[in-house]
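Let's take a relaxed walk through a protein structure, one region at a time. Keep the picture open while you read, and click on residues as they come up.

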Amino acid sequence: MKLYTLTRRQLVRKPLREVFPFFAQPENLEALTPRNLRFQILTPRPVQMKEGALIDYTINLLGMPVRWTSLIAVFEPPHRFVDVQLKGPYSYWHHTHTFAQHDGGTLITDEVRYAMPFGIAGQLIHELAVKHQLNHIFANRSHVIET
């Protein structure tokens with residue numbers, strides 16, 4: 001299984017006490033995700049973020065609706081949380097969100113470690129589409145946060 005890593009950092013000119021709570025509300029993922037992906041949380045609202053929380057949602061990937069279940073494996077406000085895919089399109093998905101006071105604002109760091117299903121075919125799909133789509137999703141998120 002080939003493991004990929006996507007790391008993104010963004011400095012937000014707001015204090016940690018404001019930034020972390022925004023990201024700790026799963027409902028805000030809808031605003032941060034490109035509209036064409038039709039991201040929709042299925043878990044009844046409000047979703048309580050805590051270690052052990054399960055969040056179900058759907059998202060369109062490569063034009064197809066996919067059901068996804070995430071487990072909040074770590075929740076350490078206001079500095080870090082980790083979501084892990086239990087069910088979804090990847091063979092492996094581990095997303096660490098880190099928040100730190102930095103230079104008059106908050107430094108947000110995302111590290112996503114993931115693996116594709118389908119062996120060599122999955123690696124080809126990754127090169128042709130998935131890595132570009134993930135970069136687009138995180139670029140969109142950065143843009144939304146800046147505005």
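What follows is a short tour of a predicted model, with stops at its core, its cavities and a few single residues.

## The nonpolar core

Start on the inside. The largest nonpolar core is made of 35 residues. If you want to know who has the most contacts inside this core, look at F23, Y90, F99, Y114 and L134. Several elements chip in with at least two residues each: the strands β1, β3 (54–61), β4 (64–76), β6 (92–102) and β7 (105–115), plus the helices α1 (16–23) and α3 (119–146). Helix α3 gives the most, with five residues.

F99 is a good one to click on. Setting aside residues up to four places away in sequence, F99 touches L16, V19, F20 and F23, then P78, H79, R80 and F81, and also T106, L107 and I108.

## The largest cavity

How many cavities of 30 Å³ or more does the model have? The count comes to two. The largest cavity holds about 500 Å³ of space, and 27 residues line it. Nearest its centre you'll find L29, F39, Y57, H95 and H97.

So what sort of residues make up this lining? They split into 19 nonpolar, six polar and two charged. As for where they come from, the helices α1, α2 (29–32) and α3 and the strands β3, β4, β5 (80–87) and β6 each supply at least two.

## The second cavity

The second largest cavity has a volume of about 40 Å³. Its lining is made up of R8, R9, Q10, I108, D110, F138, R141 and S142. The elements giving two or more residues to this lining are β1, β7 and α3. By class, the lining has two nonpolar residues, two polar ones and four charged ones.

## Q10 and L107

One residue of that second lining, Q10, deserves a closer look. Q10 sits in strand β1, which covers residues 3–12. Is Q10 buried or exposed? It counts as buried, because its relative accessibility is 9% and the cut-off for buried is under 20%. The side chain of Q10 makes a polar contact of 3.0 Å with the side chain of E146. Neighbours within four places aside, Q10 is in contact with T106, L107, I108, S142, I145 and E146.

L107, one of those contacts, belongs to strand β7. L107 is partly exposed, with a relative accessible area of 23%. Apart from residues up to four places away in sequence, L107 touches R9, Q10 and L11, along with T98, F99, A100 and H102. For a sense of scale, try finding M49 as well: L107 and M49 are 58 residues apart in sequence, and their C-alpha atoms are 21 Å apart in space.

## L32 in helix α2

Next stop, L32, which lies in helix α2. L32 counts as buried, because its relative accessibility is 4%. Which residues is L32 in contact with, once neighbours within four places are left out? They are F22, F23, I137, N140, R141, V144 and I145.

Now compare sequence with space. L32 and S142 are 110 residues apart along the chain, while their C-alpha atoms are separated by 8.3 Å.

## Backbone details in the loops

Finally, follow the backbone through some loops. The peptide bond from R45 to P46 is cis, with omega near 0°, and P46 lies in the loop between β2 (40–41) and β3. The bond from P77 to P78 is also cis, with omega near 0°. P78 belongs to the loop between β4 and β5, and you've met P78 already as a residue that F99 touches.

Two residues are worth checking for their phi angles. R38 isn't a glycine, yet its phi is positive, at about 50°. You'll find R38 in the loop between α2 and β2, where R38 is exposed with a relative accessible area of 59%. D103, also a residue other than glycine, has a positive phi near 50°. D103 is in the loop between β6 and β7, and it counts as exposed because its relative accessibility is 56%.

Note on methods
Residues are numbered from 1 along each chain as its sequence is written. This is a predicted model: local features need pLDDT of at least 70, side-chain atom pairs count only at pLDDT 80 or more; totals for chains, interfaces and linings use all residues. Side-chain values use heavy atoms; hydrogens and water are left out. Helices (H or I, at least four residues) and strands (E, at least two) are DSSP runs, numbered from the N terminus. Buried means under 20% relative accessible area, exposed over 50%, partly exposed in between (1.4 Å probe, protein chains only). A polar contact is a pair of N or O atoms within 3.5 Å; within protein, one must be able to donate a hydrogen and the other to accept it, and residues adjacent in sequence count only if both atoms are side-chain atoms. Contact means heavy atoms within 4.5 Å. A nonpolar core is a set of buried Ala, Val, Leu, Ile, Met, Phe, Trp, Tyr and Cys residues joined through side-chain atoms within 4.5 Å. On a 1 Å grid over the protein atoms alone, a cavity is a set of points where a 1.4 Å probe fits but cannot get out, and a pocket is an open set with protein on both sides within 12 Å along at least five of seven lines; lining residues have an atom within 4 Å of a point. Grid points are joined across faces, edges and corners, and a volume is the space filled by probe spheres set on the points. Ala, Val, Leu, Ile, Met, Phe, Trp, Tyr, Cys and Pro count as nonpolar, Asp, Glu, Lys and Arg as charged, and the others, Gly among them, as polar.
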